[in-house]
Amino acid sequence: VPGWRADSARGLQAGFGCESAPHAVSLEPGGPSGVRAMGGGGEAEIPQDPLLVLRSKISLAALCGDAARARALAAEITAECEAGARAGVYERATRELGLDADAALIARMRAANTAKLAEMDAKIADAEENLGDSEVREALLAKAEYLLGVNGGGEEAEKALKACADKTVAVGHKIDMELSCIRAAYFALDIEGAKEHIELAKKLFAEGGGDWERKNRLKVYEGLFLLMARKFDKSADLLLDSIATFTSTELLPYETFVSYTIITAIFTLERMRLKKKVVDAPEVLAVSSKIPNVAQMLNAFYECRYCDFMVAFAAVIDEVKLDPYLSRHSRYFVREARVAVYSQYLASYQSVTVTSMASAFGVSTEFLDGELSSFIAAGGPSAEKKKGAGII
């Protein structure tokens, strides 16, 4: 950040889910779906949806600003798409990254898609002729998930999901299909599409369907949507409600989920609730070593260690700028964070000199003077600056 001293701009970039997947992930098209065993008791954890692993890599390649790193990521994306015949995903990735698509590779992947879909259609026909409704539904769901996996959504996948929904009686299974559609929307960064399917899932719950585990997963999905929509306060409420019972690892790695929870909560909760729900939360403490910059920012903010806060904050800004869902809001996040931390400092004083405050934050007097003038003029923090006196 311009105007910060060198010691306030350092900090290791730990990242929170941007560069690589923290879980071993199968790149078979379709990804995780349905209700899978989760949680304790030795049950297996669902790996992150491969579409969302690819989303992180596509966004990182576009945002990192390092040509060599972007090329390496593009090569990874191409190899993973080729391995799973993800023709639609590959075409989207090349468009987003401004790369020339390999027409021969697309043709090979499309041919593989056609052959696989023909095989699936044959299984559907056989199930309709010789088996029961349950087997027909499973065959239709397999086709829908395959189309979601290779294309990242689209009309074909929507049509296949509709055909499956028509054969589905259990409301829980219908909710699972909506969650799959929400993940595909997140891959496409389609906020409106995510909103539509979240509302459909909530409607199914309102009609008396679903169970506690699915309801909790939907809270996390909606919390991510609200984060993408820049509604940090509402996002924080949903993410905090889910932090002790998080099972949505098909959507986010747990460490990323906790990072998002901290980032949305730190500047929207009042201090007592922040202390109880976040600072002292065992779920946050358990992973703080894996998200050091975000954890240090949280603790320094709460403990009023403003110079330490600025060091950690500089590193967190770098992470936010590379995040697939937060990067578009990086300027907003930086501004709101500064307003919140300056307001907290000023709340302890009736008056203070700009020089003293600059020393506490580890920034230059000139930088802070300019910052406070613009923020106060814009309505926050609630303070008055005496012109020419250097006093707030």
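# Briefing: an all-helix predicted model

S327 sits in the loop that runs between α15 (306–322) and α16 (330–346). The model is predicted. The protein has 18 helices and 0 strands. Of its 392 residues, 51% count as buried. Among contacts between residues at least 6 apart in sequence, 67% join residues at least 24 apart.

**The loop residue S327**

- S327 is buried, because its relative accessible area is 18% and the cut-off for buried is under 20%.
- A polar atom of the S327 side chain lies 2.9 Å from the backbone oxygen of D323.
- Beyond its neighbours within four places in sequence, S327 is in contact with L63, V320 and K321.
- One of these partners, L63, belongs to α1 (50–63), while V320 and K321 fall within α15 (306–322).

**Nonpolar cores**

- The largest nonpolar core holds 96 residues.
- Which of its residues touch the most other members? Y186 and Y342 do.
- Helix α16 gives the most to this core, with 9 residues.
- Another core lies apart from the largest one and has 20 residues. Among them are V136, A139, L140 and V150.
- As a general pattern, nonpolar side chains in soluble globular proteins tend to be buried together.

**Helices α3 and α5**

- Helix α3 covers residues 87–97, and helix α5 covers residues 133–151.
- Their axes come within 5 Å and cross at roughly 25 degrees.
- The two helices therefore count as roughly parallel, since angles under 35 degrees are classed that way.
- On the α3 side, the contact is made by A87, G88 and V89. On the α5 side, it is made by G149, V150 and N151.
- These contact residues divide into 3 nonpolar, 3 polar and no charged.
- V150 appears in this contact and also in the core of 20 residues.

**Two loop residues with positive phi**

- A85 has a positive phi of about 50 degrees, although it is not a glycine.
- A85 lies in the loop between α2 (67–83) and α3.
- Is A85 buried or exposed? At 11% relative accessibility, A85 counts as buried.
- L189 is not a glycine either, and has a positive phi of about 55 degrees.
- The loop that holds L189 joins α7 (171–187) and α8 (191–206).
- L189 counts as partly exposed, at 24% relative accessibility.

**Helix α7 and K174**

- K174 is found in helix α7.
- Its relative accessibility is 28%, so K174 counts as partly exposed.
- K174 and G209 are 35 residues apart along the chain, and their C-alpha atoms are separated by 9.3 Å.
- Not counting residues up to four places away in sequence, K174 touches A165, T168, V169 and L204.
- One of these, L204, lies in α8 (191–206).

**Y306 in helix α15**

- Y306 lies in helix α15.
- Y306 counts as buried, because its relative accessibility is 7%.
- The C-alpha atoms of Y306 and S359 are separated by 9.4 Å, although the two residues are 53 apart along the chain.
- What does Y306 contact once its neighbours within four places in sequence are set aside? V341, Q344, Y345, A360 and F361 are its partners.
- Of these partners, V341, Q344 and Y345 fall within α16 (330–346), while A360 and F361 fall within α17 (354–361).

**Q350 and the chain's last residue**

- Q350 is in the loop between α16 and α17 (354–361).
- At 87% relative accessibility, Q350 counts as exposed.
- Q350 and I392 are 42 residues apart in sequence, with their C-alpha atoms 8.4 Å apart in space.
- The protein has 392 residues, and residues are numbered from 1 along the chain, so I392 is the last of them.

**The loop residue D66**

- D66 lies in the loop between α1 (50–63) and α2.
- D66 is partly exposed, with a relative accessible area of 37%.
- A polar atom of the D66 side chain lies 3.1 Å from the backbone nitrogen of A68.
- A68 itself falls within α2 (67–83).

Terms used: This is a predicted model: local features need pLDDT of at least 70, side-chain atom pairs count only at pLDDT 80 or more; totals for chains, interfaces and linings use all residues. Side-chain values use heavy atoms; hydrogens and water are left out. Helices (H or I, at least four residues) and strands (E, at least two) are DSSP runs, numbered from the N terminus. Buried means under 20% relative accessible area, exposed over 50%, partly exposed in between (1.4 Å probe, protein chains only). A polar contact is a pair of N or O atoms within 3.5 Å; within protein, one must be able to donate a hydrogen and the other to accept it, and residues adjacent in sequence count only if both atoms are side-chain atoms. Contact means heavy atoms within 4.5 Å. A nonpolar core is a set of buried Ala, Val, Leu, Ile, Met, Phe, Trp, Tyr and Cys residues joined through side-chain atoms within 4.5 Å. Axes are lines fitted to C-alpha atoms, for helices over the stretch in contact, and angles run from 0 to 180 degrees between N-to-C directions. Angles under 35 degrees count as roughly parallel, over 145 as roughly antiparallel, 65 to 115 as roughly perpendicular and the rest as oblique. Ala, Val, Leu, Ile, Met, Phe, Trp, Tyr, Cys and Pro count as nonpolar, Asp, Glu, Lys and Arg as charged, and the others, Gly among them, as polar.
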